[in-house]
Amino acid sequence: MIKVYGMKTCIDCAYIKEQLAGNTAFEVIDIGENVKDLKAFMCLRDVNPAFSEAWEKGYVGIPCFVRPDGSVTLSPEDVGLKSRPQKNACRLDGTGC
């Protein structure tokens with residue numbers, strides 16, 4: 001099962017969640033719902049090189065996908081999903097989350 005870390009207030013995460021309706025191959029984890037889940041995400045984010053661009057640019061790094069083998073990607077396409085077309089965003093620079 002692929003874990004998807006995100007937040008319901010993130011428009012990119014909401015776009016991904018729509019694609020996952022009824023898909024049991026994914027587990028959606030809302031890091032804004034439970035501090036335990038936020039801590040788990042932060043531990044992952046603080047050490048995993050998949051977040052290098054997020055570290056450099058101050059992004060949160062969601063949605064985040066953790067494959068069954070433990071590998072991490074921030075690209076929906078890497079797990080068979082589509083990225084949201086960029087119209088507006090939640091980053092301070094106006095691109096993504």
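## Exercises on side-chain contacts

The side chains of Glu 33 and Lys 8 form a salt bridge, with N and O 2.9 Å apart. This is a predicted model, in which local features need pLDDT of at least 70 and side-chain atom pairs count only at pLDDT 80 or more, while totals for chains, interfaces and linings use all residues. Residues are numbered from 1 along each chain as its sequence is written, and side-chain values use heavy atoms, with hydrogens and water left out.

**Exercise 1.** Place the salt bridge of Glu 33 and Lys 8 in the chain.

*Solution.* Start with the criterion: a side-chain nitrogen of Lys or Arg lies within 4 Å of a carboxyl oxygen of Asp or Glu. Next, locate the partners, using DSSP runs numbered from the N terminus (helices: H or I, at least four residues; strands: E, at least two). Glu 33 sits in the loop between strand E2 (26–30) and helix H2 (35–47), and Lys 8 in the loop between strand E1 (2–6) and helix H1 (11–19), so the two are 25 residues apart. Finally, check accessibility, where buried means under 20% relative accessible area, exposed over 50%, and partly exposed in between (1.4 Å probe, protein chains only). Glu 33 is exposed at 52%, and Lys 8 is exposed at 61%.

**Exercise 2.** Find where the salt bridge of Asp 12 and Arg 84 lies, and decide: are both residues buried or exposed?

*Solution.* Take the distance to begin with: the closest N and O atoms of Asp 12 and Arg 84 are 2.6 Å apart. Asp 12 belongs to helix H1 and Arg 84 to the segment after strand E4 (72–73), 72 residues apart. Now the accessibility: Asp 12 and Arg 84 are both buried.

**Exercise 3.** Work out which residues the ring pairs link into a cluster.

*Solution.* The structure holds two aromatic pairs. Rings of Phe, Tyr and Trp (its six-membered ring) pair if their centres lie within 6.5 Å; planes under 30 degrees apart are stacked, over 60 edge-to-face, and the rest tilted. For Tyr 5 and Phe 41, the centres are 5.8 Å apart and the planes at 40 degrees, so this pair is tilted. Phe 41 and Phe 51 also have centres 5.8 Å apart, but with planes at 80 degrees, so they are edge-to-face. Together, the pairs link Tyr 5, Phe 41 and Phe 51 into a cluster.

**Exercise 4.** Explain why Cys 13 and Cys 10 are not bonded.

*Solution.* A disulfide needs two cysteine sulfur atoms within 2.5 Å. The closest cysteine sulfur to that of Cys 13 is in Cys 10, 3.1 Å away, which is too far for a bond.
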